[in-house]
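Hi everyone, thanks for coming. Let me put the structure up on the screen, and then I'll walk you through it.

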Amino acid sequence: MNILFWDIDGTLLKTAKAGLYAFEQVIKEFFHLPFDFNTINAAGMTDYYIAHQVIAHATEREPRLAEISNLIARYEEILPHHLAIRQGHLTPSVKEILTHLHQQEDYVSLLLTGNTAIGAKTKLTHYGLDHFFDFSKSAFCNNSFHRTDISMQALSIVKQHYPTVSPDQIYIIGDTPNDIHCGKAIGARTIAVATGRYSVEELKLHEPWWLVPTLPPAIEFVKHINCK
């Protein structure tokens with residue numbers, strides 16, 4: 001049995017910054033202030049971290065937890081609209097790989113993402129990928145500011161539902177250094193793909209188990225996983 005935890009943004013798909021535009025709208029609604037999302041680094045960060053940063057930059061003060069939670073709730077409400085008006089796309093080979101894995105009993109595709117559960121479901125449904133994942137066994141932001149907290153949640157899920165699976169049968173697939181670090185934190189094999197904002201050279205510095213510019217065809221992907 002192999003458990004594959006997938007990141008969403010930059011790894012499975014690219015939304016043309018629909019999420020950041022949604023955050024921008026909420027900041028205008030809540031604080032009546034403009035916000036330049038180019039002032040923060042959102043890649044590999046959790047939704048709660050991003051919400052904290054956009055409030056802090058817009059108001060120049062430390063955000064309250066209630067403010068962050070309220071902003072996230074409104075963000076989740078308007079995210080479908082922003083996904084619909086932005087021209088995003090799936091990354092190469094993603095649907096082929098997920099379809100192939102879905103047909104194999106020895107592979108389970110789950111999510112390890114900085115998105116909230118609602119945000120993740122909304123994005124994956126919009127792009128037609130939601131049926132490939134078991135959301136009840138996936139790891140989401142859930143008030144977390146740090147991605148390592150989410151990987152610990154993922155490890156707990158594996159221990160509960162797949163107790164015979166060892167760390168070298170767990171794969172964390174993502175496009176940022178944070179994905180690599182959170183995978184290493186739980187002893188998982190890390191697969192880094194340079195389809196986000198980080199280049200192959202930048203990702204290589206963090207020493208992932210496997211590094212690719214884009215995900216390969218499904219057969220090659222599975223073959224590499226099986227060559228342990």
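I'll talk about the strands, then the cysteines, then a pocket, and finish with one residue in a helix.

A quick word on the ground rules. This is a predicted model, where local features need pLDDT of at least 70 and side-chain atom pairs count only at pLDDT 80 or more, while totals for chains, interfaces and linings use all residues. Residues are numbered from 1 along each chain as its sequence is written, and side-chain values use heavy atoms, with hydrogens and water left out.

Let's start with the strands. When I say helix or strand, I mean DSSP runs numbered from the N terminus, with at least four residues for a helix (H or I) and at least two for a strand (E). Two strands pair if DSSP finds at least two bridges between them. Please find strand S1, residues 2-6. S1 runs parallel to S4, and 5 bridges join them; Leu 4 sits opposite Ser 109 of S4. S1 also pairs with S5 in the parallel sense, over 4 bridges, and there Ile 3 has Ile 170 as its bridge partner. Moving on from S5, another 4 bridges link it to strand S6, residues 189-193, again in parallel. In that pairing, Tyr 171 is partnered by Arg 189.

So are the residues of S5 buried or exposed? Buried means under 20% relative accessible area, exposed means over 50%, and partly exposed is in between, using a 1.4 Å probe and protein chains only. In S5, residues 170-174, 5 of the 5 residues are buried, so the strand is largely enclosed by the rest of the structure. Ile 170, Ile 172 and Gly 174 point one way, Tyr 171 and Ile 173 the other way, and all are buried. S4, residues 107-111, also has 5 of its 5 residues buried. One side of S4 carries Tyr 107, Ser 109 and Leu 111, the other Val 108 and Leu 110, and both faces are covered.

Now the cysteines. How many disulfides does a search of the whole structure find? It finds 0, a disulfide being a pair of cysteine sulfur atoms within 2.5 Å. Why is Cys 141 not in a bond? Because the closest cysteine sulfur, in Cys 182, is 13 Å from its own, which is too far. Cys 141 is buried, at 0% relative accessible area, and Cys 182 is buried too, at 0% relative accessibility.

Cys 182 has another neighbour to show you. The side chain of Ser 151 reaches its backbone oxygen at 3.1 Å. Ser 151 belongs to helix H6, residues 147-161, and counts as buried because its relative accessibility is 0%.

Next, please look for Asp 9, Lys 17, Leu 20, Ala 42 and Ala 43, which lie nearest the centre of the largest pocket. A pocket here is an open set of points on a 1 Å grid over the protein atoms alone, with protein on both sides within 12 Å along at least five of seven lines, and lining residues have an atom within 4 Å of a point. The lining has 32 residues, and helix H1 gives the most, with 3.

Last stop: Phe 30, found in H1. Phe 30 counts as partly exposed because its relative accessibility is 34%. Its C-alpha atom is 9.3 Å from that of Glu 67, although the two are 37 residues apart along the chain.

Note on methods:
On a 1 Å grid over the protein atoms alone, a cavity is a set of points where a 1.4 Å probe fits but cannot get out, and a pocket is an open set with protein on both sides within 12 Å along at least five of seven lines; lining residues have an atom within 4 Å of a point. A polar contact is a pair of N or O atoms within 3.5 Å; within protein, one must be able to donate a hydrogen and the other to accept it, and residues adjacent in sequence count only if both atoms are side-chain atoms.
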